[in-house]
Amino acid sequence: MCRCLRIQPSGFYAWQKSPRSQRARDDARQTELIRQAWNDSGNCRDNAVAETFFSSLKRERIRRRTYKTREEARQDVFDSIEMSPPLPRKRIRSGMLSPVEF
């Protein structure tokens, strides 16, 4: 590395041990703030939509029935997703009214 930069090894290692500049510290702080913001919910990696879907599926279909075979359960889940029209769901915020009634 020192040969490529054409500097003495002692100068290179002294530079590595020197304290970081104010700008480098600010950049590291900004990077950490961005990382924290991305870890909060609502970012593109958040899977809240999938979690809501599977929660609704379990609540509305799976927990209300007892299946004799795995194939029967798979077929019922498939039918509920693909075959039936979407039901208007009641929301707590709207006073448990469906979207049509609201």
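At 36% relative accessibility, Glu32 counts as partly exposed. This residue is a good place to enter the predicted model, since Glu32 forms a salt bridge with Arg35, and the closest N and O atoms of the two are 3.7 Å apart. Both partners sit in helix α3, which spans residues 22–39, and the three residues that separate them amount to about one turn of that helix. Side chains of opposite charge can pair when their charged atoms come close.

The wider setting can now be sketched. The chain contains five helices and zero strands, and reading from the N terminus the elements follow the order α-α-α-α-α. Of the 102 residues in the chain, 11% are buried. The accessible surface of the chain comes to about 9,900 Å², and carbon and sulfur atoms account for 55% of this area.

Three salt bridges were found in the structure, and the one between Glu32 and Arg35 has already been met. Another of them joins Glu71 to Arg74, with the closest N and O atoms 2.8 Å apart. These two residues both belong to helix α5 and are three residues apart, again about one turn of the helix. Glu71 is partly exposed, because its relative accessibility of 45% falls between the 20% limit for buried residues and the 50% limit for exposed ones. Arg74, at 46% relative accessibility, also counts as partly exposed.

The salt bridge between Arg65 and Asp76 has its closest N and O atoms 2.8 Å apart. Arg65 lies in the loop between α4 (48–62) and α5, whereas Asp76 lies in helix α5, so this pair ties together parts that are eleven residues apart in sequence. The surroundings of the two partners can be described as well. Arg65 is partly exposed, with a relative accessible area of 40%. Asp76 has a relative accessible area of 12%, and it therefore counts as buried, since buried means under 20%.

Asp76 deserves a second look. Besides the salt bridge with Arg65, the side chain of Asp76 makes a polar contact with the side chain of Tyr67, at 2.3 Å. When residues up to four places away in sequence are left out, Asp76 touches Arg61, Arg65 and Tyr67. The picture for this residue is thus a buried acidic side chain in helix α5, with Arg65 as its salt-bridge partner and Tyr67 as its partner in a polar contact.

Helix α5, which covers residues 70–83, also holds Ile81. With a relative accessible area of 39%, Ile81 is partly exposed. Together with Phe53 and Phe54, Ile81 makes a nonpolar surface patch of about 280 Å². The two phenylalanines are partly exposed too: the relative accessible area is 38% for Phe53 and 48% for Phe54. These three residues can belong to such a patch because its members need over 30% relative accessible area, and the values are 39% for Ile81, 38% for Phe53 and 48% for Phe54.

The aromatic rings complete the description. A pair of aromatic rings is described by the distance of the centres and the angle of the planes. A search of the whole structure finds one aromatic pair. Phe53 and Phe54 form this pair, with 5.0 Å from centre to centre and 70° between the planes, an edge-to-face arrangement. The two rings of the pair thus belong to residues that also help to make the nonpolar surface patch with Ile81.

Terms used: Residues numbered from 1 in each chain as written. Predicted model: local features only at pLDDT ≥ 70, side-chain atom pairs only at ≥ 80, totals over all residues. Heavy atoms only, no water. Patch = residues over 30% accessible without salt bridge, like charges linked within 9 Å, V, L, I, M, F, W, Y side chains within 5 Å. Areas by Shrake-Rupley, 256 points an atom, 1.4 Å probe, with all protein chains shown as cover. Salt bridge = Lys/Arg side-chain N within 4 Å of Asp/Glu carboxyl O. Helix = DSSP H or I, 4+ residues; strand = E, 2+ residues; numbered from the N terminus. Buried < 20%, exposed > 50% of the residue type's maximum accessible area, 1.4 Å probe, protein only. Polar contact = N/O pair within 3.5 Å; in protein donor to acceptor, adjacent residues only side chain to side chain. Contact = heavy atoms within 4.5 Å. Phe/Tyr/Trp six-rings, centres within 6.5 Å; stacked < 30°, edge-to-face > 60°.
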